[in-house]
Amino acid sequence: MKIIIINGPNLNLLGKRETAIYGSKSFDDFFVEMQFKYKEIELTFFQSNIEGELIDKLQEVGYSFDGIVLNAAAYTHTSVGIGDAVKAIETPVVEVHISNTFSREDYRHISYIAPNAIGVIAGFGLQSYELAIQSFVSGK
Ligand code: DQA
């Protein structure tokens, strides 16, 4: 099973960015833990701060991978292009957020990803990613 985690803008700063909201663990450390724990999965990771690069990656993996765990970060709330890419591809996408976007500012309540995702997981810290991985493993 091939699963990719795709992270959007500013998530490269995890561990040192607004730690009260996003925690103090770096994504690299978390990703190594996930690879160790889910050895049966071919788990890869991509991060970009650039909208078009995220769209390129979705198109690249979207016909061959079994699952995409997507945290488009701020682009979640603004990007028709990423929403269209998620709609276009065949690989199922689970939208994730570290924070509970619905308990935050109104502009974070909008998602251009969610209508085309198979589900949304928000508010469980980095565990949101693991719950998304588990949903693919369990065949949801
Ligand atoms: C985020 C929530 C977004 O609103 C924000 O812009 C982010 C991170 C999250 O994981 O909680 O950068 O996607």
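This dialogue walks through several features of a predicted model.

Colleague: Start with the ligand. Which residues are around the ligand?

Modeller: The shell holds Arg17, Tyr22, Asn71, Ala73, Ala74, His77, His97, Ile98, Ser99, Thr101 and Arg108.

Colleague: How do the residues of that shell divide into nonpolar, polar and charged?

Modeller: Four are nonpolar, five are polar and two are charged.

Colleague: Which atoms of Arg17, Ala74 and Ile98 lie by ligand oxygen atoms?

Modeller: Take them in turn. Arg17 uses its side chain: a polar atom there is 3.0 Å from an oxygen atom of the ligand. Ala74 uses its backbone, where a polar atom is 3.3 Å from a ligand oxygen atom. Ile98 also offers a backbone N or O atom, 2.7 Å from an oxygen atom of the ligand.

Colleague: How much of the ligand's accessible area does the protein cover?

Modeller: On its own, the ligand has 320 Å² of accessible area, and the protein covers 98% of that.

Colleague: Now the aromatic rings. What describes a pair of them?

Modeller: Two quantities do: the distance between the ring centres and the angle between the planes. In this structure, a full search finds five aromatic pairs. One of them joins Phe31 and Phe45, with ring centres 5.4 Å apart.

Colleague: Why is the pair of Phe31 and Phe45 called tilted?

Modeller: Look at the planes. They stand at 35 degrees, so the pair is tilted. Stacked would need planes under 30 degrees apart, and edge-to-face over 60.

Colleague: Which parts of the chain does this pair link?

Modeller: Distant ones. Phe31 sits in helix α2, residues 27-37, and Phe45 in strand β2, residues 42-47. The two are 14 residues apart.

Colleague: Are Phe31 and Phe45 buried or partly exposed?

Modeller: Check each relative accessible area. Phe31 has 10%, so Phe31 is buried. Phe45 has 28%, so Phe45 is partly exposed. The dividing value is 20%.

Colleague: Which residues do ring pairs link into a cluster?

Modeller: The cluster consists of Phe27, Phe30, Phe31, Phe45 and Tyr129.

Colleague: On to helix α4. Where do Val86 and Ile82 make contacts beyond their sequence neighbours?

Modeller: Start with Val86, in helix α4, residues 80-88. Val86 is buried because its relative accessible area is 3%. Beyond four places in sequence, Val86 contacts Leu58, Leu70, Val93, Ile113, Asn116 and Ala117. Asn116 is 30 residues away along the chain, yet its C-alpha atom is 6.2 Å from that of Val86.

Colleague: And Ile82?

Modeller: Ile82 is also placed in helix α4. Its relative accessibility is 0%, so Ile82 counts as buried. With residues up to four places away left out, Ile82 touches Glu51, Leu54, Ile55, Leu58, Leu70, Tyr75 and Ile113. For Gly52, 30 residues from Ile82 along the chain, the C-alpha separation is 8.3 Å.

Colleague: Last, the backbone. What is phi of Asn10 and of Glu18?

Modeller: Both values are positive, and neither residue is glycine. Phi is near 75 degrees at Asn10. At Glu18, phi is near 35 degrees.

Colleague: Where are Asn10 and Glu18 found?

Modeller: In the loop between β1 and α1. Strand β1 spans 2-7 and helix α1 spans 19-22.

Colleague: What are the relative accessibilities of Asn10 and Glu18?

Modeller: Asn10 has 34%, so Asn10 is partly exposed. Glu18 has 46%, so Glu18 also counts as partly exposed.

Conventions
Residues numbered from 1 in each chain as written. Predicted model: local features only at pLDDT ≥ 70, side-chain atom pairs only at ≥ 80, totals over all residues. Heavy atoms only, no water. Near = heavy atom within 4 Å. Polar contact = N/O pair within 3.5 Å; in protein donor to acceptor, adjacent residues only side chain to side chain. Areas by Shrake-Rupley, 256 points an atom, 1.4 Å probe, with all protein chains shown as cover. Nonpolar A, V, L, I, M, F, W, Y, C, P; charged D, E, K, R; others polar. Helix = DSSP H or I, 4+ residues; strand = E, 2+ residues; numbered from the N terminus. Buried < 20%, exposed > 50% of the residue type's maximum accessible area, 1.4 Å probe, protein only. Contact = heavy atoms within 4.5 Å. Phe/Tyr/Trp six-rings, centres within 6.5 Å; stacked < 30°, edge-to-face > 60°.
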